[in-house]
Structures are given as C-alpha cells and as structure tokens.
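Reader: Can you walk me through this structure? Keep it quick.

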Amino acid sequence: MKQILVLSLFVIVGIFAACKQNNSFQIKGQIDIKGTENDSIQLVKLENDRLVTIATTVIKNGKFEFTGKVDTVSRYIVLFTKPGLGRAIVGNIFVENTKLSMHIDSLGIPMASGTPLNDTLRNYERIVYETKFKEMELIEAAKNQPVRIDSFTNVQNNLWINELNQTYAFIWRNINNHAGQLIFQRNMARLSLDQMAGIVAQANEATQKIPEIQTAKEMLKKRDETGPGNKYFDFETNDKDGKPFKLSEIIGKHQYILLDFWASWCGPCRKENPNLVKTYQSYKAKGLQIVGISIDKEEEHWRNAWKADKLPWPQLLDRDGGIAKKYFVQAIPHSVLIDESGVIVAVGLRGEDLNAKLEEVLKK
C-alpha cells in the first residue's frame, strides 16, 4: 500500500512538472561567432510594424537562453547586433510553450529548431542560403577566371529562377501554417500573379482572412479587370510635342493599338525596342498603331531614350504612374493590345509572341 502511494506521488509530481513545462517556453541558443562573450542578445517581437524587446540576455561560453510564456504560437526574432559585425543577425523563431533551440553559426546564419513549424522554416532557409553560397562561388570564380558577361548573367539568373520556383513550391505547400505565411509575406513582390492565384486557391478558410491573401486577391481582381475581354481604360495627357493626347480619340481609327509601357532605365525594354520597331514596320500598313508610355521620372532621360532608339510612334510620359496604374502594370516592359472596338485582346506580349498574335488577328 505504501509503495502504491509513493508511486502515485511520483506520477502526480511528473504530471505537474510536465504541465508546468508546457506552460512556458525555453529557447536554448548557441552562437559560434568569435568575440561575442558577454555580449547582449535580444528576443524581440514585431508589433504594429515596430520591434518590441521582449527579453535581453548575455552570451556566456557561446550560449544564451530565453524563457517565458506565450498564449498562442507566435513569431519572435532572436536579434544580435555588434559594432564591426557589418550587419544585424535576425533569426526568426516560432515560439510555443516547449523547448526550442536557436543556432547561429560562424557565418552568422541563424537556424531555429525544436518544433515541426521551426523545422519547416529551417528547411526553407537552407534553400535560400544554398543559393546565396552558390552565387558567391560564382562571383569568386569570375574574379579568378574571366567569363563572358552574358554567360555569367545566365548562370546567375538560373540560380535565382530555381530559388524562386522552390520558394513558390514551399509557400504553396505551407500557406496554411505560420512558416508558409511568413515566406509569402517576404516574397509577394517576387511572385507572378499566376503563382499568387495558385497560393490563394490553396489557402484554407482561416488563411483566406490574413492580410497577405487579401492583398493577393485584390491584385488578382485588378488583373482580371484589366485582362483580355475587358474594355479599355481611357486617359488623357500630352504627347512628346506637348499636344493633347486622348486614347479614346484614336480608338476605332486603327485595327489594333498596342500600349507599350517602358522606361529609359529598363534594360529589357531598351533591348526589345529594335524588335518593336521591326514589328511596327511590318504591321503598320495592316492597321497597327503603337503608343509608347514611359514611366520615367526624368523627362530628359525619356526624351534622350526614344530619340536614341528611333521610336516613330506617339510617345507619352506617365511621370506619376497614373496610366500604368489604370492598366495594372506590375513590371516593364509590358504591353496591352486593344482592338478597334476598344476591347483588350492580349496583355504582356512581346517579341515572337507579339508577332504571332498580330499575324493571327490581322489576318481576319
């Protein structure tokens, strides 16, 4: 009987200890950067777009520790700054009431672990750092051995494209958890609208309510409103000669009008301009008119560019971005093809794709 009572006491104590442990979190950290002994390191949280310090501790023998309690899973940041370090070390960690770990290696790369959510985030961050390391290796190799600029750029672009594709795949798989939502928030500006549509479709009922998904849905709605099948949006401004220009006044006078959004500083735009001139020369007699709309801020740069590229069609300066906003231009070069009835028939075409579309529609 006495043994049973003792055993029961141990069980009760164990349960009490477990409950107590589950009501608080413990972050055990390790930092491998030299010269950090007795330096302070912080646990912070982003609240209303500002960092709020939750706790500060001191690094001892390369170790640090934070403890506390959270009511729900929350994103915190382990923040380390030091004069001469060159940058702040920012380690994201999803905190819940359990034991967690944060390791900052000798290169200053932070990795959290201890829960499935943090392990998921760590797996993604490895992809990002692997890309950065490969890019650094590429740059170092180029220093030691001369390479063609276009060859270097192609390899670099392939690295970025591969990383972006993996980023999209990660977000798509994880959009309904905190890790996926954090990475979506970070990368919204890099994702295509088609990728955003895939992510929105994957989001569950609760995720549909987060601000990033709401923003994505608004963008997709705007895209649909400015896509093929919609009526054109009228605008009025002055052309390069200072004369009034109104789009509605030339709708119907040409079989097709191509709005070409570009800028003097846009490399791909300038590279495409000679091709666009050839397209214009090939299809002008068949009913094509092009209207160039630059989003340059500096008028002189705009004027020098269209003169240098010998662009023979009407040129407009959309300095405040009002026209681009009407047509939901997210990146340049961008084009909008409008038929003589004022209906948008295609967007985003250039090069051979544009020529193929013009060949198709102008045969009718």
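Author: What follows is a short tour of strands, rings and some backbone oddities.

Reader: Ground rules before we start?

Author: This is a predicted model: local features need pLDDT of at least 70, side-chain atom pairs count only at pLDDT 80 or more, and totals for chains, interfaces and linings use all residues. Residues are numbered from 1 along each chain as its sequence is written, and side-chain values use heavy atoms, with hydrogens and water left out.

Reader: Sheet first. What is the strand order in the open sheet of 5 strands?

Author: The order is β13-β12-β11-β14-β15, and the pairing is mixed. Strands here are DSSP runs of E with at least two residues, helices are runs of H or I with at least four, and both are numbered from the N terminus. Two strands pair if DSSP finds at least two bridges between them.

Reader: Which strands stand at the edges?

Author: β13 (315-317) and β15 (344-347). Each has a single partner strand, so one side of each is left without a neighbour in the sheet.

Reader: And the twist: how many degrees, on average, are neighbouring strands turned against each other?

Author: 20 degrees, direction ignored. Axes are lines fitted to C-alpha atoms, for helices over the stretch in contact, and angles run from 0 to 180 degrees between N-to-C directions.

Reader: Tell me about β12. Which way does it run against β13, parallel or antiparallel?

Author: Parallel: 3 bridges join β12 (residues 288-294) to β13. Gly-292 stands opposite Gln-315 in β13. β12 also pairs with β11 in the parallel sense, over 7 bridges. There, Phe-261 has Ile-293 of β12 as its bridge partner.

Reader: Is there a helix on that sheet too? Which strands does α8 touch?

Author: Helix α8 (residues 299-308) packs on the sheet and touches β11, β12 and β13. Contact means heavy atoms within 4.5 Å. The direction of α8 makes about 165 degrees with that of β13.

Reader: How many residues of β12 are buried?

Author: 7 of its 7. Buried means under 20% relative accessible area, exposed means over 50%, and partly exposed is in between (1.4 Å probe, protein chains only). Leu-288, Ile-290, Gly-292 and Ser-294 point one way from β12, while Gln-289, Val-291 and Ile-293 point the other way.

Reader: Switching to rings. How many aromatic pairs are there?

Author: The structure holds 8. Rings of Phe, Tyr and Trp (its six-membered ring) pair if their centres lie within 6.5 Å; planes under 30 degrees apart count as stacked, over 60 as edge-to-face and the rest as tilted. One of the pairs is Tyr-124 with Phe-170, tilted, at 4.9 Å centre to centre and 35 degrees between the planes.

Reader: What does that pair tie together?

Author: Tyr-124 is in helix α2 (residues 116-144) and Phe-170 in helix α3 (residues 149-174), so the pair ties together parts 46 residues apart in sequence. Tyr-124 is buried at 2% relative accessibility, and Phe-170 is buried at 3%.

Reader: Got another one?

Author: Phe-261 and Tyr-327 have ring centres 6.2 Å apart and planes at 45 degrees, so that pair is tilted. Phe-261 sits in strand β11 (residues 256-262) and Tyr-327 in the loop between α9 (322-326) and β14 (334-339), 66 residues apart. Phe-261 is buried at 0% relative accessibility, and Tyr-327 at 2%. Together with Phe-233, these two form one aromatic cluster.

Reader: Any charge over a ring? What lies over the face of Phe-233?

Author: Lys-222, at 5.7 Å from the ring centre. The rule wants NZ of Lys or CZ of Arg within 6 Å of the ring centre and within 35 degrees of the ring normal. Lys-307 lies over the face of Trp-306, at 5.8 Å.

Reader: Disulfides. Which cysteines are joined?

Author: Cys-266 and Cys-269, with S to S at 2.3 Å. A disulfide is a pair of cysteine sulfur atoms within 2.5 Å, and the count comes to 1. The link is right-handed, with 75 degrees about the S-S bond. Cys-266 and Cys-269 are both buried.

Reader: Last topic, backbone oddities. Where is a cis peptide bond?

Author: Between Ile-332 and Pro-333, with omega about 0 degrees. Pro-333 lies in the loop between α9 and β14.

Reader: What about the phi of Phe-328?

Author: Phe-328 has a positive phi of about 50 degrees, though it is not a glycine. Phe-328 is in the loop between α9 and β14 and is buried at 13% relative accessibility. Lys-310 has a positive phi of about 55 degrees.

Reader: Is Lys-310 buried or exposed?

Author: Exposed, with a relative accessible area of 65%. Lys-310 is found in the loop between α8 and β13.
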